[in-house]
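Subject: Structure for your review

Hello,

Here is the structure I said I would pass on. Please have a look at it before reading my notes underneath.

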Amino acid sequence: ANIGDRAFNSCRSLVNLNFPKSLTDISRGAFANCSSLESVTFAEGIKSIGYEYEGDNTSSSEGAFQNCSALKQIVFAKGLEKICQNTFSGCSSLAEVVIPEGVIFIGRNAFNRCSKLTSVSLPSSLISCSTTPFSGCNKLSSVKCEALLPPTLADGLLPLDDMGLALKRPLSVPEWTLNSYKLTRGWAAFA
């Protein structure tokens, strides 16, 4: 099952969402602008959240939960593989994100402008990040990446933002992988 484009967009009465195991995909803008939404719990069936646009066409790239300004808690489940473009962009009350094992891709600006975000944990399964998935997260102070090989970064840009703020943030990686991260374009800025 899937929740279609803009299905519940701007539904201001939603406060908590608990998705069933039968749900596999949530499309673009499905819950965008739900200003009262505080928590989202995903079941094990979901594989992908949102939609990743090709090229530079981002004008209509509304994220699945974009601008849910009251969203404080996201509980991801096993089985999730992709968090796509702008999915949680503008979720300004979100303070912590733990991306579960199994996620292989994080899309462009996926957590853009999450202004209260202070902590991010990336799984060992992460293979690639699109352009600047954590741009505009100026309070981000703790970044942990469990990937044994540094995830590929689109355009070689910093994985957190496009303003060079990574230099001020510590990156925690498995000890034996430190040299790989130091030698990898984009991740080397943390070293």
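The notes below go from the overall picture to single residues.

Confidence

This is a predicted model. The chain has a mean pLDDT of 87, and 87% of its residues reach 70 or more. The stretch to treat with care is residues 161-165, where pLDDT stays under 50. The model does give those residues 11 contacts beyond four places in sequence. Where pLDDT is low, the predicted coordinates should not be read in detail.

Overall make-up

The chain has 191 residues, and 52% of them count as buried. Its secondary structure consists of 1 helix and 14 strands. Taking the contacts with a separation of 6 or more, 49% are between residues 24 or more positions apart. The chain exposes about 8,800 Å², of which carbon and sulfur atoms supply 51%.

The sheet

One open sheet has 4 strands in the order β8-β10-β12-β14, and the pairing is parallel. β8 (96-98) and β14 (171-172) are its edge strands, since each pairs on one side only. Between β8 and β10 there are 3 bridges, and these two strands run parallel. V97 has V120 of β10 as its bridge partner.

The nonpolar core

The largest nonpolar core has 47 residues. Those touching the most other members are F19, I26, F31, F42, F65, F88 and F111. Two elements give two or more residues to this core, namely β10 (119-122) and β12 (142-145).

F111 is a useful place to start when looking at the contacts. Leaving aside neighbours within four places in sequence, F111 is in contact with I83, F88, S89, L94, V97, I99, I106, P133, F134, S135 and C137. That list includes F88, which is also among the residues touching the most other core members. V97 is on the list as well, and V97 is the residue bridged to V120 in the sheet.

Salt bridges

How many salt bridges does the structure hold? There are 3.

The first one to look at joins D5 and R28, with the closest N and O atoms 2.9 Å apart. D5 is in the loop between β1 (2-3) and β2 (16-18), while R28 is in the loop between β3 (25-26) and β4 (39-41), so this pair ties together parts that are 23 residues apart in sequence. Both ends are partly exposed: D5 has a relative accessible area of 43%, and R28 is at 29%.

Another salt bridge is formed by the side chains of R6 and E62, at 2.3 Å from N to O. R6 lies in the loop between β1 and β2, and E62 lies in the loop between β5 (48-49) and β6 (73-75), so the parts tied together here are 56 residues apart in sequence. R6 counts as partly exposed at 48% relative accessibility. E62 is also partly exposed, with a relative accessible area of 21%; the value for E62 can be set against the cut-off for buried, which is under 20%.

The remaining salt bridge is between the side chains of E146 and K144, at 3.2 Å from N to O. E146 is partly exposed at a relative accessible area of 30%, and K144 is partly exposed at 38%.

Two single residues

S48 is in strand β5. Is S48 buried or exposed? S48 is buried, with a relative accessible area of 14%. Apart from neighbours within four places in sequence, S48 is in contact with T24, D25, I26, L80, K82 and C84. Among these contacts is I26, one of the core residues that touch the most other members.

A188 is in the segment after α1 (178-182). A188 is partly exposed, with a relative accessible area of 30%. Which residues does A188 touch, not counting those up to four places away in sequence? A188 touches Y181 and K182. The C-alpha atoms of A188 and P150 are separated by 9.9 Å, and these two residues are 38 residues apart along the chain.

Regards

Key:
Residues numbered from 1 in each chain as written. Predicted model: local features only at pLDDT ≥ 70, side-chain atom pairs only at ≥ 80, totals over all residues. Heavy atoms only, no water. Salt bridge = Lys/Arg side-chain N within 4 Å of Asp/Glu carboxyl O. Buried < 20%, exposed > 50% of the residue type's maximum accessible area, 1.4 Å probe, protein only. Core = buried A, V, L, I, M, F, W, Y, C linked by side-chain atoms within 4.5 Å. Contact = heavy atoms within 4.5 Å. Areas by Shrake-Rupley, 256 points an atom, 1.4 Å probe, with all protein chains shown as cover. Pairing = 2+ DSSP bridges. pLDDT = per-residue confidence, 0-100.
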